[in-house]
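Please open the model in your viewer and keep a selection tool at hand. The stops below say what to select next and what is there.

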Amino acid sequence: PLGIAGVRLEQVVVNLGIRIADAAGAAGTLRVLAGPPAEAGCLAAGAPCAGVIVLTASGADLSRAPCPLRPVPPSEEPGVIVSVVQSLLTEAGGFLEILADETGRPAFRVALPPVSLPALSSSARVPEEMIAYIRDWTVLVAAGSAAGRPLERRLRAIGVRVETAGAIADALARIEESRRLDAVVIHAALLRNVAAGLLRAVLKLRPDAAVVVMSEPEPRPAPSLAEQVVFTPESADPDSVILALIEAKGCAVHRRG
C-alpha cells in the first residue's frame, strides 16, 4: 500500500506528463516505468520508498543500468507545474527527482511514500486509507467455535468478503478451491503440532495471499516462515488483526518478487 491517495497520484502523473509533452514540442510517446525501488537503474530512488515511477519521452532502454536519464542541477528553476507536484509529494511523504534525457528534455522519477502503520498491539484502529485498501479483499478466517466471529463481523462491516472454516482440512480445501483469496487468518489451535508443515502448504497453494496466525503466546516461527507469515496474539482485537493482514500482504508481495 502507498501513503498517497489515488487521486493525488493521478494528479502527479498527469501533471508531469503534461510538462514532458509541453517540452517535446511535437507528437511523441510518453513512457512510464513503475515498480518497487531497485538498487540500480532508473528505479533506484536513492532513499527508502514504497515504489518508484519514472516518466520520460526518451527512447532509451530504461531497464538497463546505469539509468540513461541524468539528474538536473537543483539550481535550475523547475517551473509552476513541477513545483506543485513537488509540494503534493512532499506533503504525502514522498519526493520528486528532476531528470533529463539524452536530448536534454525533462524526465522525472517519483518516489512514492509507504503507509505508516500503527504499531501492532492488542488494540489499534485501522486508518481509513487502509480500510479502502482491503475493502475488495476476500479473506478466509479459519477458527474453531466462535473465536473468529468478532473479526468476521468487522471485516464484513467494511465490505470485505469473508469465507470461514472450522477445521484445518476444511480450510485447506477452501484455500485450494477458492477462485480468489487475498488473505488467510488461522487460529493456531487448528494447526496443533504440525504448524510449520501446514503453513508451508498454505504458502505453496496461495503464494500471493497474506497469511496471519493468531496464537497465544506468540510462537517463534521457523526461520523459513519468519518473513512470510505474521503472528499476532489471539487476544488482539479485529483492527489489530487487520493491520497484521496488511503487513502480511507486504510479505506476500516480497515473496513473489
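Select D182: at 11% relative accessibility this residue is buried, where buried means under 20% relative accessible area, exposed over 50% and partly exposed in between, with a 1.4 Å probe and protein chains only. This is a predicted model, in which local features need pLDDT of at least 70 and side-chain atom pairs count only at pLDDT 80 or more, while totals for chains, interfaces and linings use all residues. Residues are numbered from 1 along each chain as its sequence is written, and side-chain values use heavy atoms, with hydrogens and water left out.

Now add R180. Its side chain meets that of D182 in a salt bridge, 2.9 Å from N to O; the term requires a side-chain nitrogen of Lys or Arg within 4 Å of a carboxyl oxygen of Asp or Glu. R180, at 40% relative accessibility, is partly exposed. By this rule the structure has nine salt bridges.

Go next to helix α5, residues 168–177. Helices (H or I, at least four residues) and strands (E, at least two) are DSSP runs, numbered from the N terminus. Select R174 and D170, whose side chains form a salt bridge at 3.6 Å, N to O. About one helical turn separates the two, because they are four residues apart in α5. Both are partly exposed: R174 has a relative accessible area of 32% and D170 one of 34%. Add R161 and E163 to the selection, and you have a network of salt bridges that links R161, E163, D170 and R174.

Which residues of α5 are buried? Colour I168, A171 and I175 to see them. They lie on the same side of α5, because they cover an arc of only 55° around the axis, taken from the directions from the helix axis to the C-beta atoms. A169, E176 and E177, on the other side of α5, are exposed. To see what covers the buried residues, show β6 (138–142), β7 (161–165), β8 (183–187), α6 (188–191) and α7 (195–205), which are among the elements in contact, that is, with heavy atoms within 4.5 Å.

For a salt bridge between two helices, select R154 and D239, with N to O at 2.6 Å. R154 is in helix α4 (residues 149–157) and D239 in helix α9 (residues 238–256), so the pair ties together parts that are 85 residues apart in sequence. D239 is buried, at 4% relative accessibility.

Move to strand β2 (51–56). Six of its six residues are buried. G51, I53 and L55 point one way from the strand, and V52, V54 and T56 point the other way. β2 runs antiparallel to β1, with five bridges joining them; strands pair if DSSP finds at least two bridges between them. Here G35 stands opposite V52. β2 also pairs with β5 (residues 106–112), again antiparallel and over five bridges, and L112 is the bridge partner of G51.

Finish at the cysteines. Select C42 and C67, whose sulfur atoms are 2.2 Å apart in a disulfide (a pair of cysteine sulfur atoms within 2.5 Å). The structure holds one disulfide. C42 sits in the loop between β1 (31–35) and β2, and C67 in the loop between β2 and β3 (70–71), so that distant parts of the chain, 25 residues apart, are linked. The link is right-handed, with 85° about the S-S bond. Both C42 and C67 are buried. C49 is also buried, with a relative accessible area of 15%.
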